[in-house]
Amino acid sequence: MPDDQIALRLRGLTKRFGAMTAVDRLDLDVPRGSFFGLVGPNGAGKTTTLSMATGLLRPDAGSAHVLGTDVWADPVAAKARIGVLPDGLRLFDRLTGLQLVTYAGLLRGMERGLVAQRVRELLAALGLTEAQDKLVIDYSAGMTKKITLACALVHAPRLLVLDEPFEAVDPVSARTIRGILEDFAANGGTVVLSSHVMDLVERICSHVAIIAGGQVRAVGTVDEVRGGMSLDDRFLDLVGGSTDVEGLAWLRTSSD
Amino acid sequence: MVAHLLRLKLHLLRNGLRRSPAALIGMVLGVLYGGGIVVAVVSGLIALRFAPDAELARALVVVGGSATVAGWALLPVVLFGIDPTLDPARFATFSVRERTLALGLALGALVGLPGVATVVVVLATVFTGSRTPVAALVALLGGVLGLASCVLVSRIVAGASSAVLATRRGRDVAGVGGLLVLLSLGPVAGLVNDGGITVAGLKTLGRVLAWTPLGWAWAASGDVVAGDWGVAGIRLLLAAALCLVLFAVWERLLVAVLRNPHSTAASGSGGARRGLGLFARLPGTPMGAIAARAGTYWLRDPRFNFPAIMTTLLPAGLLFPGMAGSHLALAAMPLVSAYLIGWGQHNDVGYDSTAFWLHVASGVDGVADRVGRLFPSAVLALVCVPGYAVLGPLVGGSWALLPASLGAGIGLALSGFAVACVTSAVKQYAVPVPGESPFSSRPGSVGVTFAVQTVCGGAVVVLSLPVLVLAGLAFFGWHWAGWAALVVGPVVGVLAFVAGVRLGASLFGRRQADLLQDLVSMA
């Protein structure tokens, strides 16, 4: 693939935590305009990879390029093009929803009038206008994901990197989020998301990479990767691990 | 079960140390620092065994013992924060008998440096009391009872304060209570200043305390030495009864927490808010936004507004020696205020916890981050430092010292901000996460906290040394030095501040991802 067709290019990305190698010389190319799913078992290195790709975690080795800009050599230029939704990190949740998204916009150096207009539109699109004056700490899990997404979108990024955007989200909010993401991708933006819900990735993503043990095991369009099977089966095939439950007879109440 | 709980506490302690070398270094420092004090106290207690004046020995043991009990009750709240590892609410889902849990958690409080130090000191009091074999036995009994009341009191205070602080009203009450405690330190300091501690005074204090719950357990052995067998018996009985009562209170508190575990979780709701608040009033730039965010947090988050109130009021404690005629105390008020406000910002990024990712992901400029954060404390300093500088002469201090104290105050505040700009980009220690009680502390982090705070304090003093020397000269009668301080303080302060912002900003640019990683590992 030519360089200008790549939204996110990872080369030899490596991260060790003590004796444990979380990400091991990982290579990945995310084509522009794709809706890219990253799937893998717990502890596969998805969050670590995405953190290194977005400038939140310094890699031990390797590089990450966003639309041709090196994230770790020119972080300011690279970060201006990325919108991030991290998983498991806090928000400034003593602010109201309105204040938080405004804060995210102003931090990006945007002009106040533009921020106000975009925040209004984002909150309306995500159905949060009613709750804009509530503290974010009082939001439900779904609302929290949506307000974080608004923070990631407010500066009109070219690449969206979302870590588990659908976790703990109710079906209605999930539909809203999905609509916004599909619209974003259809208009030339690139979405990278991690998930461990195979069904969802199969339905909404154009491309997928399966990660296990800190390395890419399979990558390509969804059809290429699943090769005639369901993504779920293909995943278990690649990642391995027995699915048969042995023992635990005492849990079966009928054995009484 | 009790053994399980003790082992749990040991594991928590060990894992906390294993997690970072900094915690280990902190622990070593703590052992050296606390160990020195313990060695001094123990040798003093051993020497007291051979002191000719048995009455004095008794008075010292009683006063020291009472202070220990009071310290166990107050210090965790005021200084170190409450260790939440054995927070009773965390055991709500386990089916453990409540009495067993109460016993285990109380004993668990002894595992750790303060517990070990207290046990050693209590053992030394047994030696002090060993003038006769029976007295030694009574001292041992009294020591055990005294130790038990230390631990129980600290558990009760910790449990009750976290429940009380969960409500806004409770926080206000606690703030006033804390203020009263601080203000009462003033007269005590005044007493010490006047050379008010005499042998006779100590003996009287000992006799009084011996009849209060603080002193019962520690006084019994001395009674035996003096031959008052009946009194000794009564005091031991009273001490034992106190322990039973304390245990009952602790158990009831525990039961209340276990049956309604959410009562201790702080809630952050209430109050209608409209619009952008500070975000609309400060400039629409990254720096203005960061200032607005910091200001909003100071108003809304007890982790900020509680210390802010304390910092504002603490220098007022100097009014007591000041009113008694100490010009030094009055002139020092703006200095203390400036130091506390400036130095207090050195761990600001730590208070963001992992929400700091938003700054990292946005590629925020280092200068904007450094300066924006200081906005609320700068406002506080602008009010407090000149306020205290003028208040001193108004209540009887010397107007001639005003330029010196104002200049030194400005210098100290700016140096504090300069140091904060650098340290909060280099190393942050764990603080209560948002929503936790402002008084809780992280296990295994006391050492790092102590080390960072000491280094920062030292740096602030070194940076403001020129103006402090001038202010000192002014105090000893060189009037020109006061005016020189008024010039040198702001000038050196601004230079230090600019240098601090530059260095801090460049460190922030290079280290922000590592800083975030640090915060993630602490969360």
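Which residues of helix α22 (residues 465-475) of chain B are buried? The legends below take up this question and others, using a predicted model.

**View 1. Helix α22(B) and its buried face.**
Val467(B), Leu470(B), Ala471(B) and Ala474(B) are the buried residues of α22(B), which spans 465-475. Looking down the helix axis, these buried residues fit within an arc of 100°, so they line one face of α22(B). Their cover includes two other helices of chain B, α20 (402-423) and α23 (479-522). Just after α22(B) comes Gly477(B), with a positive phi of about 110°.

**View 2. Chain B as a helical chain.**
Chain B has 23 helices and zero strands. It contains 523 residues, of which 49% count as buried. Take the contacts in chain B with a separation of 6 or more: 80% of them come from residues 24 or more positions apart.

**View 3. Gly65(B) and Gly146(B).**
Gly65(B) sits in helix α3 of chain B, residues 54-80. Its relative accessible area is 6%, and the cut-off for buried is under 20%, so Gly65(B) counts as buried. Along the chain, Gly65(B) and Gly146(B) are 81 residues apart. In space, their C-alpha atoms are separated by 7.6 Å.

**View 4. The contact between chain A and chain B.**
Chain A brings 35 residues to the contact, and chain B brings 45 residues. The size of an interface is often given as the accessible area lost when the parts come together. Here the two chains bury about 3,600 Å² between them. Carbon and sulfur atoms carry 61% of that area. Within chain A, the residues that lose the most area to chain B are Arg90(A), Phe92(A) and Arg94(A). Together they make up 23% of what the chain A side buries.

**View 5. Polar links across the interface of chain A and chain B.**
How many salt bridges does the rule find across this interface? It finds one. Asp514(B) and Arg58(A) form a salt bridge, with their closest N and O atoms 3.0 Å apart. The polar contacts across the interface come to 16 residue pairs, with both residues at pLDDT 80 or more. On the side of chain A that touches chain B, the elements giving two or more residues are α2 (75-80) and α3 (97-107) of chain A. Helix α3(A) gives the most to that side, with eight residues. By class, the chain A side has 20 nonpolar, six polar and nine charged residues.

**View 6. Positive phi at Ala168(A).**
Most residues other than glycine have a negative phi. Ala168(A) is a residue other than glycine with a positive phi, near 60°. Where does Ala168(A) lie? Its place is the loop between β7 (159-163) and α6 (171-186) of chain A. Ala168(A) is exposed, with a relative accessible area of 59%.

**View 7. Positive phi at Ser353(B).**
Ser353(B) is another residue other than glycine with a positive phi, near 55°. This serine is found in the loop between α16 (348-352) and α17 (357-362) of chain B. Is Ser353(B) buried or exposed? Ser353(B) has a relative accessible area of 5%, and under 20% means buried, so this loop residue counts as buried.

Definitions and conventions
Residues numbered from 1 in each chain as written. Chains lettered and ligands numbered in written order. Predicted model: local features only at pLDDT ≥ 70, side-chain atom pairs only at ≥ 80, totals over all residues. Heavy atoms only, no water. Contact = heavy atoms within 4.5 Å. Buried area = accessible area lost by both parts, 1.4 Å probe. Salt bridge = Lys/Arg side-chain N within 4 Å of Asp/Glu carboxyl O. Polar contact = N/O pair within 3.5 Å; in protein donor to acceptor, adjacent residues only side chain to side chain. Helix = DSSP H or I, 4+ residues; strand = E, 2+ residues; numbered from the N terminus. Nonpolar A, V, L, I, M, F, W, Y, C, P; charged D, E, K, R; others polar. Buried < 20%, exposed > 50% of the residue type's maximum accessible area, 1.4 Å probe, protein only. Arc of directions from axis to C-beta.
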